[in-house]
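Colleague: I am new to reading protein models. Could you take me through one, feature by feature?

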Amino acid sequence: MYRRNNTEEVEPEETKIWDCVSPTCKGWVRANFTMSEQPSCPLCGSEMVATTKMLQAIDNPRHK
């Protein structure tokens with residue numbers, strides 16, 4: 001994968017995420033973009049569980 005306006009390839013890395021537990025929802029969010037320790041799904045409001053996913057790294061300077 002490539003970043004926009006850049007020819008440098010960015011490899012996916014194992015990233016912590018929160019994944020929705022609802023079988024009818026595909027919602028998930030990166031852990032470093034959540035505002036609480038136990039977030040609710042932003043799409044359906046269901047519980048979420050911590051897991052990982054292979055994603056491109058995105059820095060969140062507000063989450064340090």
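Colleague: Let me start with one residue. In which strand is the place of Thr15?

Modeller: First, keep in mind that this is a predicted model. Thr15 has its place in strand β1.

Colleague: Is Thr15 buried or exposed?

Modeller: For burial, look at the relative accessible area. Under 20% means buried. Thr15 has 12% relative accessibility, so Thr15 counts as buried.

Colleague: Which residues is Thr15 in contact with, leaving aside its neighbours within four places in sequence?

Modeller: The list is Arg30, Thr51, Thr52, Lys53 and Leu55.

Colleague: Now the whole chain. How many helices and strands does the chain have?

Modeller: Start any overview by listing the elements. Here there are 0 helices and 3 strands. Read from the N terminus, the order is β-β-β.

Colleague: What order do the strands take in the sheet?

Modeller: Order in a sheet is a separate matter from order along the chain. This open sheet of 3 strands runs β2-β1-β3, and the pairing is antiparallel. The edge strands are β2, residues 28-30, and β3, residues 48-55; each pairs on one side only. On average, neighbouring strands of this sheet are turned by 40° against each other, direction ignored.

Colleague: Over how many bridges does β1 pair with β2, and over how many with β3?

Modeller: Count the bridges for each pair. β1 and β2 have 3 bridges, in the antiparallel sense. β1 and β3 have 8 bridges, also antiparallel.

Colleague: Which residues are bridge partners in β2?

Modeller: Ile17 has Arg30 as its bridge partner in β2. Asp19 has Trp28 there.

Colleague: And on the other side, what is the bridge partner of Trp18 in β3?

Modeller: The partner is Ala50. Trp18 is found in strand β1, which covers residues 13-20.

Colleague: What is the general rule for side chains along a strand?

Modeller: In a regular strand, they alternate between the two faces of the sheet. Keep that idea in mind as you look along a strand in the picture.

Colleague: Is Trp18 buried or exposed?

Modeller: Use the area test again. Trp18 has a relative accessible area of 13%, so Trp18 is buried.

Colleague: What does Trp18 touch, not counting residues up to four places away in sequence?

Modeller: Read the contacts in groups. Among them are Gly27, Trp28, Val29 and Ala31. Thr34, Glu37, Gln38 and Pro39 are also touched. So are Met48, Val49 and Ala50.

Colleague: How far apart are Trp18 and Thr52, in sequence and in space?

Modeller: Check both scales. In sequence, Trp18 and Thr52 are 34 residues apart; in space they are 7.9 Å apart, C-alpha to C-alpha. Try another pair, Ser40 and Trp18. They are 22 residues apart in sequence and 9.0 Å apart in space, C-alpha to C-alpha.

Colleague: Where is Ser40 found?

Modeller: Ser40 is in the loop between β2 and β3. Setting aside neighbours within four places in sequence, Ser40 is in contact with Gly45, Ser46 and Met48.

Colleague: Thr34 appeared in the Trp18 list. Where is Thr34 found, and is Thr34 buried or exposed?

Modeller: A loop residue gets the same area test. Thr34 is found in the loop between β2 and β3. Its relative accessible area is 13%, so Thr34 is buried. A polar atom of the Thr34 side chain lies 2.8 Å from the backbone oxygen of Ala31.

Colleague: Next, cysteines. How many disulfides does the structure hold?

Modeller: Look at the distance between sulfur atoms. The structure holds 0 disulfides. Cys25 is in none; the nearest cysteine sulfur, that of Cys41, is 3.7 Å away.

Colleague: Why is there no bond between Cys41 and Cys25?

Modeller: A disulfide needs the two sulfur atoms within 2.5 Å. The sulfur of Cys41 is 3.7 Å from that of Cys25, so the distance is too far for a bond. Burial is a separate test. Cys25 is buried, at 14% relative accessibility. Cys41 is buried too, at 4%.

Colleague: To finish, what share of the residues in the chain is buried?

Modeller: Whole-chain values give you the overview. Of the 64 residues in the chain, 27% are buried. The chain exposes about 5300 Å², with 50% supplied by carbon and sulfur atoms. Now take contacts between residues at least 6 apart in sequence: 58% of them join residues at least 24 apart.

Technical notes. Residues are numbered from 1 along each chain as its sequence is written. This is a predicted model: local features need pLDDT of at least 70, side-chain atom pairs count only at pLDDT 80 or more; totals for chains, interfaces and linings use all residues. Side-chain values use heavy atoms; hydrogens and water are left out. Helices (H or I, at least four residues) and strands (E, at least two) are DSSP runs, numbered from the N terminus. Buried means under 20% relative accessible area, exposed over 50%, partly exposed in between (1.4 Å probe, protein chains only). Contact means heavy atoms within 4.5 Å. Two strands pair if DSSP finds at least two bridges between them. Axes are lines fitted to C-alpha atoms, for helices over the stretch in contact, and angles run from 0 to 180 degrees between N-to-C directions. Accessible areas come from the Shrake-Rupley method with a 1.4 Å probe; for residues, only the protein chains shown count as cover. A polar contact is a pair of N or O atoms within 3.5 Å; within protein, one must be able to donate a hydrogen and the other to accept it, and residues adjacent in sequence count only if both atoms are side-chain atoms.
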